[in-house]
Amino acid sequence: MPRFVTLAFTCALVSATAAQSAPTNRADAAEKSADAREKVVCKRFPRTGSLADSYRTCKTKAEWDRERDNVRQVNWASPCRSANSGTCE
């Protein structure tokens, strides 16, 4: 019985992989954005306090770039970045 289950699972996995690798239609090409900055990018982040849980955030490339620039500006303005001071104020 376990061999039959393994064989059935393997066949299902192979058929699903073959179906996913099928060529895409031309109708899908029209849905893609012409502007690269409008492309949606999804990133996965670990959830704080959990070893296995995570969450996914999707934004356009322009939004990710804007967020990265904002974080850099905040970090640059931090008083802890000063080479002259030994402690953070």
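Helices are taken here as DSSP runs of H or I with at least four residues, numbered from the N terminus. In the predicted model examined here, D65 and R68 both lie in helix 3, where they are 3 residues apart, or about one turn of the helix. An α-helix has 3.6 residues a turn, so residues three or four places apart point the same way. Helix 3 comprises residues 61-76, and its geometry was compared with the span expected from its length. At 1.5 Å a residue, the 16 residues of helix 3 should span 22 Å, and the separation of 23 Å between its end C-alpha atoms agrees with that expectation.

The buried residues of helix 3 are A62, W64 and D65. Because these residues cover an arc of only 160 degrees around the axis, they are placed on the same side of helix 3. The face of helix 3 that is turned away from this buried side carries the exposed residues R66 and V74. Two of the buried residues, W64 and D65, are considered in turn below, beginning with the charged residue.

D65 has a relative accessible area of 12% and is therefore buried, since the limit for this class is under 20%. Of the salt bridges in the structure, which number 6, one is formed by D65 with R37, the closest N and O atoms being 3.0 Å apart. This pair links distant parts of the chain, as D65 belongs to helix 3 whereas R37 is found in the loop between helix 2 (26-31) and strand 1 (40-46), 28 residues apart. The two partners also belong to separate accessibility classes, for D65 is buried at 12%, while R37, with a relative accessibility of 40%, counts as partly exposed.

Within helix 3, D65 also takes part in a salt bridge with K61, for which the N to O distance is 3.4 Å. Because D65 and K61 are 4 residues apart in helix 3, about one helical turn separates them. K61 counts as partly exposed, its relative accessibility being 37%. A further salt bridge is made between the side chains of D65 and R68, at 3.2 Å from N to O, and the side chains of D65 and R68 are likewise joined by a polar contact of 3.2 Å. R68, at 39% relative accessibility, counts as partly exposed. Through salt bridges that share partners, R37, K61, D65, R68 and D69 are joined into one network.

A second group of contacts involves aromatic side chains, for which the count comes to 2 aromatic pairs. The rings of F45 and Y55 have centres 5.7 Å apart and planes at 35 degrees, so this pair is classed as tilted. Since F45 lies in strand 1 and Y55 in strand 2 (residues 54-60), the pair ties together parts that are 10 residues apart in sequence. Both residues are partly exposed, F45 with a relative accessible area of 29% and Y55 with one of 34%. F45 also forms a tilted aromatic pair with W64, with a distance of 6.1 Å centre to centre and an angle of 45 degrees between the planes. Because F45 lies in strand 1 and W64 in helix 3, this pair ties together parts that are 19 residues apart in sequence. W64 counts as buried, at 10% relative accessibility. Taken together, F45, Y55 and W64 form one aromatic cluster.

The ring of W64 is also approached by lysine side chains. The charged end of K43 sits over this ring, 4.3 Å from its centre, and K59 lies over the face of W64 at 4.8 Å from the ring centre. W64 thus appears both in the aromatic cluster with F45 and Y55 and among the buried residues of helix 3, a list that also includes D65, itself a member of the salt-bridge network with R37, K61, R68 and D69.

How values were computed: Residues are numbered from 1 along each chain as its sequence is written. This is a predicted model: local features need pLDDT of at least 70, side-chain atom pairs count only at pLDDT 80 or more; totals for chains, interfaces and linings use all residues. Side-chain values use heavy atoms; hydrogens and water are left out. Buried means under 20% relative accessible area, exposed over 50%, partly exposed in between (1.4 Å probe, protein chains only). A polar contact is a pair of N or O atoms within 3.5 Å; within protein, one must be able to donate a hydrogen and the other to accept it, and residues adjacent in sequence count only if both atoms are side-chain atoms. A salt bridge is a side-chain nitrogen of Lys or Arg within 4 Å of a carboxyl oxygen of Asp or Glu. Rings of Phe, Tyr and Trp (its six-membered ring) pair if their centres lie within 6.5 Å; planes under 30 degrees apart count as stacked, over 60 as edge-to-face and the rest as tilted. A charge sits over a ring if NZ of Lys or CZ of Arg is within 6 Å of the ring centre and within 35 degrees of the ring normal. The expected span of a helix is 1.5 Å times one less than its number of residues. The arc is that of the directions from the helix axis to the C-beta atoms.
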